Amino acid sequence: MSTSIYRVVRTPLFELLFGGLILLNTIVMGLEEQWSGAQVGYTLGFYTFYGSEQMGEDAPIMSADSLFLAAEITFAILFTIEVFLRIAASGFLFFSSPSACFDLAVVVASDMSIIFSSIDLSINIQILRLLRAVKLLRLVKLMRTVEGFDPLHIMMTALGASAWALCWAIVLLVLIQTFVAMIVTHVFRLAYLQESSSLSDDAQLELFAYFGTFSRSMLSLFELSLANWPPICRWLMENLHESFMLFALTFKLM
């Protein structure tokens, strides 16, 4: 174990540096996924600018794929150096930590994916894709890096301690949603989805899309309570009766 390297590795600045690199790598991976999706969208006719073939081929310096590959190689080298520094600092004690071994496995898999993709090897393309996907696990390391900063560590610990409370809150919410969904599904079906209904055919179809079955009612109630509730509330007011405003607002506030 090297004492000098150990002191460097254990400093907050070291953790901050590589935590920042992991965050930057995450941003680059997000941009790469955006670019890859844009290429697929271009083939489907959705994108015409940064997803176009011309944007990739006529770039003044280098193509986007080359830039992403260069960035991936750069990050792989930096994270490999980090692992070697940690091994040099801790010696064989490094391999006694499951989290450290996990970091080593991610770095090795990421390096292997770059090597296999840069040389002509007869390797199953699915295995190569899995190896390249392993680099996403660096996000887990970013979450662990938070532990190096006391305020963020306290916040993460508090969130972890609230996990069971969250589970029971979800159970309670689902029970309430289930109870209300069964009632509104039955009421709307009897009052507005019969042959004698005063609603037009189009309005009946739209009401059925919101509350025609139990599963549709559950989704609509989740929208009313947690998501974009005004469209459903407005539709009920304008097409059924203004009093449904009270139902929507009461349910939202509850």
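The exercises below, each with a worked solution, concern a predicted model of one protein.

**Exercise 1. Overall make-up**

Task: Find how many helices and how many strands the protein has, and state what share of its residues is buried.

Solution: Begin with the secondary structure, where a walk through the protein finds 13 helices and zero strands. Written from the N terminus on, the order of elements is therefore a run of α symbols, α-α-α-α-α-α-α-α-α-α-α-α-α. Next turn to burial, for which the chain of 254 residues gives a buried share of 30%. Finally, look at how contacts span the sequence: among those between residues at least 6 apart, 61% join residues that are at least 24 apart.

**Exercise 2. Regions listed in a record**

Task: State which residues the UniProt entry lists as "transmembrane region", and describe the spans 12-31 and 92-109 in the model.

Solution: The first step is to read the record, an unreviewed UniProt entry, which lists residues 12-31, 67-85, 92-109 and 163-188 under that name. The second step is to examine residues 12-31 in the model, where the span is 100% helix and 0% strand, and where the C-alpha atoms at its ends lie 28 Å apart. The third step is to examine residues 92-109 in the same manner, which gives 67% helix and 0% strand, with 21 Å between the end C-alpha atoms.

**Exercise 3. Two residues of helix 4**

Task: Decide whether Leu78 and Ile73 are buried, partly exposed or exposed, and find a residue that is distant in sequence for each of them.

Solution: Start with Leu78, which is placed in helix 4, the helix of residues 64-90. Its relative accessibility is 29%, and because the partly exposed class runs between 20% and 50%, Leu78 counts as partly exposed. Leaving aside residues up to four places away in sequence, Leu78 touches Phe18 and Leu21. Val107 is 29 residues away from Leu78 in sequence, while the C-alpha atoms of the two are 9.9 Å apart in space.

Continue with Ile73, which also has its place in helix 4. With a relative accessible area of 34%, Ile73 is partly exposed. Its partner for this exercise is Ser110, which is 37 residues away in sequence and 9.3 Å away in space, taken from C-alpha to C-alpha.

**Exercise 4. A crossing of two helices**

Task: Work out how helix 10 is oriented to helix 11, and say which residues make the contact.

Solution: First take the geometry: the axes of helix 10 (residues 201-211) and helix 11 (residues 214-226) come within 6 Å and cross at roughly 80°. Since angles of 65 to 115 degrees count as roughly perpendicular, helix 10 is roughly perpendicular to helix 11. Then list the residues in contact, which are Phe208, Ala209, Tyr210 and Phe211 from helix 10, together with Arg216, Ser217, Ser220 and Leu221 from helix 11. Sorted by character, these residues comprise five nonpolar, two polar and one charged.

One of them, Ser217 of helix 11, deserves a closer look. Its relative accessible area is 0%, so Ser217 is buried. Beyond residues up to four places away in sequence, Ser217 touches Ala181, Val184, Thr185, Tyr210 and Phe211.

**Exercise 5. Helix 12, the cysteines and helix 13**

Task: Identify the buried residues of helix 12 and the helices they pack against, then compare the exposure classes of Cys233 and Cys101, and finally place Thr250.

Solution: In helix 12 (residues 230-239), the buried residues are Ile232, Cys233, Trp235, Leu236 and Met237. These buried residues pack against helix 9 (163-192), helix 10, helix 11 and helix 13 (244-253). Cys233 has a relative accessible area of 5%, which lies under the 20% limit, and therefore Cys233 is buried. Cys101, by contrast, has a relative accessibility of 28% and so counts as partly exposed. A search of the whole structure for disulfides finds zero.

The last step moves to helix 13, in which Thr250 lies. Thr250 has 42% relative accessibility and so counts as partly exposed. Although Thr250 and Ser225 are 25 residues apart along the chain, their C-alpha atoms are separated by 9.9 Å.

Key:
Residues are numbered from 1 along each chain as its sequence is written. This is a predicted model: local features need pLDDT of at least 70, side-chain atom pairs count only at pLDDT 80 or more; totals for chains, interfaces and linings use all residues. Side-chain values use heavy atoms; hydrogens and water are left out. Axes are lines fitted to C-alpha atoms, for helices over the stretch in contact, and angles run from 0 to 180 degrees between N-to-C directions. Helices (H or I, at least four residues) and strands (E, at least two) are DSSP runs, numbered from the N terminus. Angles under 35 degrees count as roughly parallel, over 145 as roughly antiparallel, 65 to 115 as roughly perpendicular and the rest as oblique. Contact means heavy atoms within 4.5 Å. Ala, Val, Leu, Ile, Met, Phe, Trp, Tyr, Cys and Pro count as nonpolar, Asp, Glu, Lys and Arg as charged, and the others, Gly among them, as polar. UniProt positions are given in the numbering used here, feature names are shortened, and annotations may be inferred rather than shown by experiment. Buried means under 20% relative accessible area, exposed over 50%, partly exposed in between (1.4 Å probe, protein chains only). A disulfide is a pair of cysteine sulfur atoms within 2.5 Å.
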